[in-house]
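Open the structure in your viewer and keep a selection panel at hand. The stops below go element by element.

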Amino acid sequence: MEMTSLKTILQNSGIAGCGGAGFPAYAKLSDKIDTVILNCAECEPLFKLHRQLLEANAEEIIATMDMLCTAMHAERFIVAVKGAYKKTVDAANAAIKDYARGSVCLLEEVYPAGDEVITVYEATGRIVPAGGIPAMVGCVVYNVETVLNIHRAIEEDKAVTHKYVTVAGEVKNPATYRVPIGMRYDELVALCGGVTVEEPVYFAGGPMTGKIAAASDVVTKTTNGILIMPQNHYIIQKRMQKTKVSIARTMSTCCQCRGCTDLCPRNLLGHPITPSDFMRAASNSDVRQTEAVLGALYCSQCGLCEMYSCIQGLNPRSLLSEAKMSFAKQGIRPIVVENNDSAKPERPYRKVPMRRLIARLNLEKYDVAAPVKTEEIQPAQVKLQLSQHIGKPATAIVKKGDKVQAGQLLAEAAKDALSLPVHASIDGEVIKVTDTAIVLKGTKK
Ligand code: SF4
Ligand code: SF4
């Protein structure tokens, strides 16, 4: 397929990256790419989504990777998957054998293997420049569910209406469901037998990069997982800490041991970020340390420094995030730094094993199977956000009282901007349209 036609299909089908910022898939297509990478690292602890999807749909996904190569005139594709996912690796090897330009790269069971800058390095040895994107080194990275959505759009003419979500933590039966986008978190948790603690805290995303959420929040195109945690759990307490308290604690206890810097995955790739220097500048309010402060622009927010590395239990990631947001508000963006062409020699010895991370986070008891359930889920109501990913929100084209069918276009992508349309995820009636969402009441019993 030609790239222009593929771009149109991906945009019209509303395909965003299934996780992270949700970069629209069509905008990643480029004729400057020589390597297409399938990201099956799934590095957040407890999530068991991509490995199961690749195992069950290896042929379709590998064929789609090959098609993406053809469309972009790329030389090869690489399936980057953790060696620990043995069944998934077997399925990928079996499906890839007929594709001369495809190969499987086995990733180590370390965190954060799925950060695409890290995945590119592990799969190709190339270092994405700090502040840059994989295309700058000839690579594009798609995750497993995104490629499955591309397959469905091309082969079955299906827009994105559903999302696979792993529900883990304090629920009776942890599982992975394919649910209509817009379904409430608590309804999804009810499918898993409900919560098993009093005063549960909903957490959207993985323990390392997720955020505290509400039971009434809804699934979007980027929701990979929901965790239910007791209020006194380490990851919840970390997330609840106020910036004022974090700064005060930094001032009194940061011993400048450099542990956060020594284990920082971006620093180890040679990117200009030194969280320990940032913490020193933050605790001294020292405006002269501009390099340390501007380093915040290159933080991936992987969370390793504050969830694992810091021996004093401080929160470098959260403070870096505050600085990054403040820069963004003022229109300050990272300058692309081209000169980091080699990783630090100590990098191989400073990777964080997943087992140790899970133990440090006190998550061992939650690290259980979360099998994919195949039953069709039909919520009574869905709320479809007009902004579900990076880029401009879509514009509603339906009104209250309209009857719609699953897959029908409800909101158009913004013109001449990075944007995606929104489609109905169930058959139903429009009961509310606001500036931010469309609410549908289901008509199927
Ligand atoms: S969150 Fe911490 S460890 Fe991760 S990239 Fe940022 S500074 Fe480095
Ligand atoms: S690891 Fe903690 S104590 Fe050590 S330099 Fe970093 S923030 Fe300070």
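Which residue just after H5 takes a positive phi? Select Gly125: its phi is about 80°. Note before going on that the model is predicted.

**Helix H5**

Step back from Gly125 and select residues 116-124, which make up helix H5. Colour Val117, Ile118, Thr119, Val120, Ala123 and Thr124, which are buried. To see what these buried residues pack against, show strand S1 (35-40), strand S2 (76-82), strand S3 (102-107) and strand S5 (139-143). Add helix H11 (265-268), which also packs against the buried residues of H5.

**Ligand 1**

H11 leads to the next stop, since this helix is one of the elements that supply at least two residues of the shell around ligand 1. The others are helix H14 (304-309) and helix H15 (316-329). Select ligand 1 and the 14 residues around it. Cys264, Cys299, Cys302, Gly303 and Cys305 come nearest to the ligand. Colouring this shell by class gives 9 nonpolar, 3 polar and 2 charged residues.

**Helix H15**

Now select H15 alone. How many residues does H15 have, and how far does it reach from its first C-alpha to its last? The helix has 14 residues and reaches 20 Å, close to the 20 Å expected at 1.5 Å a residue.

Pick out Pro316, Arg317, Leu319, Leu320, Ser321, Ala323 and Phe327, the buried residues of H15. An α-helix has 3.6 residues a turn, so residues three or four places apart point the same way. Look down the helix axis with that in mind. The cover over the buried residues of H15 includes helix H8 (234-240), helix H9 (243-253) and helix H13 (290-294). H10, H12 and H14 are also part of that cover. Past the end of the helix, select Gly331, which follows H15 and has a positive phi near 75°.

**Ligand 2**

Move to ligand 2. The residues around it include Cys254, Cys255, Cys257, Cys260 and Cys310. Add Gln256, Arg258, Gly259, Ser276, Met279, Gln312 and Leu314, which are also around ligand 2. Helix H10 (259-262) and helix H12 (275-284) are the elements that give two or more residues to this shell. By class, the shell has 7 nonpolar, 4 polar and 1 charged residues.

Stay in helix H10 and select Thr261. Is Thr261 buried or exposed? Its relative accessibility is 0%, so Thr261 counts as buried, the cut-off being under 20%. Beyond its neighbours within four places in sequence, Thr261 is in contact with Asn267, Thr274, Pro275 and Ser276.

**The second largest pocket**

Leave the ligands and centre the view on Lys158, Ala159, Thr161, His162 and Arg178. Of the 30 residues that line the second largest pocket, these are the closest to its centre. The volume of the pocket is about 610 Å³. Show helix H6 (144-156), strand S6 (162-169), strand S7 (175-180) and strand S12 (372-373), the elements that give two or more residues to the lining. H6 provides the largest share, 4 residues. The lining divides into 8 nonpolar, 10 polar and 12 charged residues.

Finish in helix H6 with Glu155. This residue counts as exposed because its relative accessibility is 57%, where the cut-off is over 50%. For a last distance, pick the C-alpha atoms of Glu155 and Ala396: they are 27 Å apart in space, and the two residues are 241 apart in sequence.

Note on methods
Residues numbered from 1 in each chain as written. Chains lettered and ligands numbered in written order. Predicted model: local features only at pLDDT ≥ 70, side-chain atom pairs only at ≥ 80, totals over all residues. Heavy atoms only, no water. Near = heavy atom within 4 Å. Nonpolar A, V, L, I, M, F, W, Y, C, P; charged D, E, K, R; others polar. Buried < 20%, exposed > 50% of the residue type's maximum accessible area, 1.4 Å probe, protein only. Contact = heavy atoms within 4.5 Å. 1 Å grid on protein atoms, 1.4 Å probe; cavity = no way out; pocket = protein on both sides within 12 Å on 5 of 7 lines; lining within 4 Å. Points joined across faces, edges and corners; volume = space filled by probe spheres on them. Expected span 1.5 Å × (residues − 1).
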